[in-house]
Amino acid sequence: MLEVKNLSKQFQDNVVLKDINLSINQGDVVGIIGPSGTGKSTLLRCINHLEIPEQGKIILNGKTIALSKKEQKRKDIQELRESTGMVFQRFNLFEKKTALENVMEGLLVVQKKKKEEARRIAVEELERVGMASWMNHYPKHLSGGQQQRVAIARALAMKPQILLLDEPTSALDPELVGEVLETIKKVAAEGFTMMLVSHEMNFVRHVANRVIFLDKGRIVEDGTPKEVFEHPKNERTREFFAKMNMMSQPEYII
């Protein structure tokens with residue numbers, strides 16, 4: 001369905017991604033994990049072309065799309081963006097539009113749908129994420145978890161071929177994380193193809209059918225959740241999980 005070929009990205013002298021090669025199949029839920037600053041979010045942003053890599057190509061349903069500034073074609077990039085839906089850490093909702101209007105916006109402006117059809121699709125997607133009863137509320141009247149669910153509905157309304165979620169719970173209070181994770185789990189169960197960057201290890205382990213571990217801009221581990229979490233092959237992956245386990249242990253016992 002989607003292939004990433006020889007993707008590299010750097011910010012000045014800082015190389016963030018190094019020659020990434022990756023294939024995603026229809027229906028895959030790919031969890032992307034690893035230390036902070038190792039290129040996880042940048043990978044998603046390059047796939048969506050929010051960041052322009054120095055080199056790399058995307059093969060989407062057999063069509064090759066060049067990503068670098070020298071080779072890119074505007075029409076191809078537009079097609080790529082229409083095929084991918086992005087859910088950000090910070091919800092990026094329009095403050096002066098209701099939840100319903102936020103979901104309708106892309107349908108009206110980008111896809112040029114009639115208002116009645118856009119409204120119907122938006123209501124369906126808000127129902128999917130459990131936000132239909134809040135459709136006439138503005139973002140300031142919604143909790144962070146509710147805003148993120150509206151953002152997920154907005155992405156799904158555009159009918160993307162692949163959904164990219166960039167740490168969708170990192171900006172939420174701990175008590176609100178669960179409702180967003182349940183929404184993502186439901187969407188994944190419906191067969192959507194997804195790439196999910198998250199620090200919620202337990203969630204990634206249970207929702208993904210494939211896990212990628214990134215370190216210093218390279219893929220150092222790629223396998224099923226059981227393979228990566230229980231039997232990692234790479235020493236860096238084992239070290240990462242060992243540190244995670246130490247952090248989860250109490251400092252002292254009474």
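**Exercise 1. Describe the largest pocket of this predicted model: what is its volume, and which residues lie nearest its centre?**

Step 1. Start with the volume, which is about 630 Å³ for the largest pocket.

Step 2. Now look at the lining. There are 21 lining residues, and R81, T84, M86, V110 and M158 lie nearest the centre.

Step 3. Sort the lining by class: 9 residues are nonpolar, 8 are polar and 4 are charged.

**Exercise 2. Find out which element supplies the largest share of that lining, and what covers its buried residues.**

Step 1. List the elements that each give at least two lining residues: α2 (74-83), β6 (84-87), α3 (99-109) and α5 (144-157).

Step 2. Pick out the largest share. This belongs to α3, with 4 residues.

Step 3. Check burial along α3, taking buried as under 20% relative accessible area. The buried residues in α3 are A99, L100, N102, V103, M104, G106 and L107.

Step 4. Look at the cover over these buried residues, which includes α4 (115-128) and α5. Helix α5 has thus turned up twice, as it also supplies at least two residues of the pocket lining.

**Exercise 3. Work out how the radius of gyration of the chain compares with the globule rule.**

Step 1. Take stock of the fold: the chain has 9 helices and 10 strands.

Step 2. Compare the values. The radius of gyration is 19 Å, close to the 18 Å that the globule rule gives for 254 residues, so the chain is as compact as a globular protein of that length.

Step 3. Add the burial: 50% of the 254 residues are buried.

Step 4. Finish with contacts between residues at least 6 apart in sequence; 64% of them join residues at least 24 apart.

Key: Residues numbered from 1 in each chain as written. Predicted model: local features only at pLDDT ≥ 70, side-chain atom pairs only at ≥ 80, totals over all residues. Heavy atoms only, no water. 1 Å grid on protein atoms, 1.4 Å probe; cavity = no way out; pocket = protein on both sides within 12 Å on 5 of 7 lines; lining within 4 Å. Points joined across faces, edges and corners; volume = space filled by probe spheres on them. Nonpolar A, V, L, I, M, F, W, Y, C, P; charged D, E, K, R; others polar. Buried < 20%, exposed > 50% of the residue type's maximum accessible area, 1.4 Å probe, protein only. Contact = heavy atoms within 4.5 Å. Rg over C-alpha atoms; globule rule 2.2 N^0.38 Å.
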